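Welcome! Let's look at a protein chain together and ask how each description of it is reached.

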Amino acid sequence: MSEKEEKYWQEHHAEQPFAKRKHPYEDYAHAYKTGYEGFHKYPGKKYEEIEDELALDYERNKPGSALPWDHARHAVHAAWSKVGHDIGPRDSDRGIRSGI
């Protein structure tokens, strides 16, 4: 994952609807990385098409302290969506041109 993306998630993790107070950014870092890298690993695919592969990637490479998939999947999807420039509930104005 790029330093820019890592910094973004460190700064914005607590704002995510799935973020739990007892789990800081560090607990989700591998999930964000999986989503970011997965977007590039599976070009042209929709998240829903490759979610099972992402789950396998996450489980294969997760550090021992990483969250289980059912807790991490939302962070994987969030990172995937951000890289893919999907419009999510937290950036409802992304992609909208003003002043037209």
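Q: What share of the 100 residues in the chain is buried, and what makes a residue count as buried?
A: This is a predicted model, and in it 37% of the 100 residues are buried. A residue earns that word when its relative accessible area is under 20%.

Q: Which pattern does the chain follow along the sequence?
A: The pattern reads α-α-α-α. That fits the count of four helices and zero strands.

Q: Why are α3 and α4 called oblique to each other?
A: Helix α3 covers residues 47-61 and helix α4 covers residues 69-83, and they pack at an angle of about 125 degrees. Roughly perpendicular runs from 65 to 115 degrees and roughly antiparallel begins over 145. The angle of about 125 degrees fits neither class, so α3 and α4 are oblique. Their axes lie 11 Å apart, and the crossing is right-handed.

Q: Which residues make the contact of α3 with α4?
A: From α3, the residues include Tyr47, Ile50, Leu54 and Tyr58. From α4, they include Trp69, Val76, His77 and Trp80.

Q: How do the residues of that contact divide into nonpolar, polar and charged?
A: There are nine nonpolar, one polar and four charged residues. Trp and Tyr count as nonpolar, while Glu and Arg count as charged.

Q: What percentage of contacts between residues at least 6 apart in sequence joins residues at least 24 apart?
A: The share is 54%.

Q: How much accessible surface does the chain have?
A: The total is about 6,800 Å², and 49% of it belongs to carbon and sulfur atoms.

How values were computed: Residues are numbered from 1 along each chain as its sequence is written. This is a predicted model: local features need pLDDT of at least 70, side-chain atom pairs count only at pLDDT 80 or more; totals for chains, interfaces and linings use all residues. Side-chain values use heavy atoms; hydrogens and water are left out. Helices (H or I, at least four residues) and strands (E, at least two) are DSSP runs, numbered from the N terminus. Buried means under 20% relative accessible area, exposed over 50%, partly exposed in between (1.4 Å probe, protein chains only). Contact means heavy atoms within 4.5 Å. Accessible areas come from the Shrake-Rupley method with a 1.4 Å probe; for residues, only the protein chains shown count as cover. Axes are lines fitted to C-alpha atoms, for helices over the stretch in contact, and angles run from 0 to 180 degrees between N-to-C directions. Angles under 35 degrees count as roughly parallel, over 145 as roughly antiparallel, 65 to 115 as roughly perpendicular and the rest as oblique. A crossing is left-handed if the near helix is turned anticlockwise from the far one by less than a right angle, and right-handed if clockwise.
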